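Hi,

Here is the model I promised to pass on. Have a look, and my notes follow below.

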Amino acid sequence: MNNLSREQIFKKLESVENMPSIPATLDPLLRYLSLPVDQLETQKVVDMISHDKSLTVQCLHLANSPLFCRWQAVDSLRGAVVALGLGRMKEVALACSFMKMLPRQIGGIDPVIFWEHSLGCALVSRHLARKLSLPNAEKAYLAGLLHDFGIVANVVTLPKEFGDALTVAREREIPLHEAELEIMGITHADSGRILAERWRLAPELVAVIACHHTPELAVTDRSLVALVNIADLLCRMRNLGYGYPERRLVDLATEKGFGVLVEDCPTLGDFDWARLTFELDNYMFEVHRLVAALYRIQ
Amino acid sequence: MTISPAPEPAFESTSFAPNPHLLRIRDLLYQTAGTFHPDHRLRFLQDHCIRRMEELRITGLREYLGCLTAQHNQQTELTALLNEMIAGETCFFPNAPHLNALRNVILPRIVHEKSSLPVRRLKIWSAGCSTGEEPYSLAILLMEESKNLLADWSLEIQATDLDERSVAHARKGLYDQHATQNLTPQIRQQYFAEESGGLAISTQARSCVTIQRLNLLDDSPMSLIGDFDIIFCCNVLIYFDLAAKNRVLQQFLGSLLPNGYLFLGHTESLFGLNDGFRLVHLPSATAYRKQARVQERSHS
């Protein structure tokens, strides 16, 4: 099915002109938001966001979602920035950039479904990090949001090969990364690492993007990588995957990510996974609704 | 055979601040009964509570929480609320994700694991079968699979319930419109016959089902039941206290084959109850699997 060798695929991914870049309108904002939070000025962030209509509307939707700001009604951009917090603006801007990069029609994958999975994984990663009292739950959110960065690279750079892999995954109801490996010789984790390094994402994000299917191979930020690995798996088993059910049985205790996570969190075996699983259904409903609203504005 | 999801009541927005007393009732139900209402289903829990409050002629959730926790009345009111919650769930194919996971994941695994055995036999126990909708749904699913995956397999479904009237109803096998609402035209035509008063289950679907009265807390007849690949026990354990739950679960461990599966109601949990079972995730569903080398010891 695939005509390109693994080496040719890597070469293609590594060539600068093929890889997606940060949308020009958001680049200055992302650079500004890289400053420490205490050096950011709310009005300046509001002004910069207001140059981008879709980001403005996205901020308003997020600020009015119970997933982010419970029970507050927000009707101005400034109100939304304040409600969400300056510390979260980088996540929102990155997410918006991410959405802008995805073509409307991607060889068989519905961008809405892809985006739902990313947002679902972000929320579950954050939820799990809080429940397990792991440090920096907000870092877990961004890591979950961007974990499938490599899919963006694949759909833009290798649309035919990725489309073939997705077809195989869907027909056989197997995990997407297994089908990618079979068809392309690489996975979205490999291409994600290349793209993440090019975008100069934070090292912990690069680790998550590169190793979220092989957490045992992560050399840095192992617990964050493992956390996203588990969150990703739970989303895929709970109808927040890539638009098809994976025909499998998952025993978390035998998963490699669980083994890594338990090193940092010895109480993991006593954690109430059943309740967490039921709680995930909440996210499913809200994520569908939020992404539908966000995508209408792109 | 495709099992479509049962009609879902209109989803209510979570954009309302949950009543703190409702959240306490939710937690109480999870701690005592083991059934959980996620946020997006809190409106349904509230509706169930309101119906009980109307019955009791009280007006606030705070007061109703008091009823649920009052020493003298606790078990009675909890049972009444649980009855309210599961009323209407007794129908054919009530939980599509469970049954799809059974068909697409669990059955192929069992067939694979038992493929080298001389006798190809699949045994399922529907524990707390109520009026028979669950065991007959399972029978229909297995019959459909016997066209391919389960061809040449011996299929046995043991259905038990404590209540004599329910057992009699199950044996009679006549069902009204509510119970049969999820049937596809093909299933309806192939496995049911029109009779006055509803739809009667066919002889074919009955052929692999045995129905008997059994008290899950009565140890002596329980010990005679065994070698099951799968147990379904939906919305039954929620009525038992902790000690009784553990007793029944220990019996289930003894009745299941190694690596056998236990399916509970779709929001029921065994958290903290018995380490002989381990939670497994299936597509949009969960189940429990008996640990292969579990010691079948008392777990009180």
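First, a term: a crossover counts as right-handed if, with the strands pointing away from the viewer, the path from the first strand over the helix to the second runs clockwise. Helices (H or I, at least four residues) and strands (E, at least two) are DSSP runs, numbered from the N terminus. This is a predicted model, where local features need pLDDT of at least 70, side-chain atom pairs count only at pLDDT 80 or more, and totals for chains, interfaces and linings use all residues. Residues are numbered from 1 along each chain as its sequence is written, chains are lettered from A and ligands numbered from 1 in the order in which they are written, and side-chain values use heavy atoms, leaving out hydrogens and water.

Now chain B. A right-handed β-α-β unit is made by strand 7, helix 11 (residues 242-255) and strand 8 of chain B. Strands 7 and 8 of chain B run parallel, paired over five bridges (two strands pair if DSSP finds at least two bridges between them), and one partnership is B:Ile230 with B:Tyr261. Strand 1 (residues 121-127) of chain B is also parallel to strand 7, with three bridges, including B:Ser126 to B:Phe232. Six of the six residues of strand 7 (residues 228-233) of chain B are buried (under 20% relative accessible area, 1.4 Å probe, protein chains only), so this strand is largely enclosed by the rest of the structure.

There's also an open sheet of three strands in chain B, order 3-5-4, with antiparallel pairing. Its edge strands are strand 3 (174-175) and strand 4 (192-195) of chain B.

Cheers

Methods. Buried means under 20% relative accessible area, exposed over 50%, partly exposed in between (1.4 Å probe, protein chains only).
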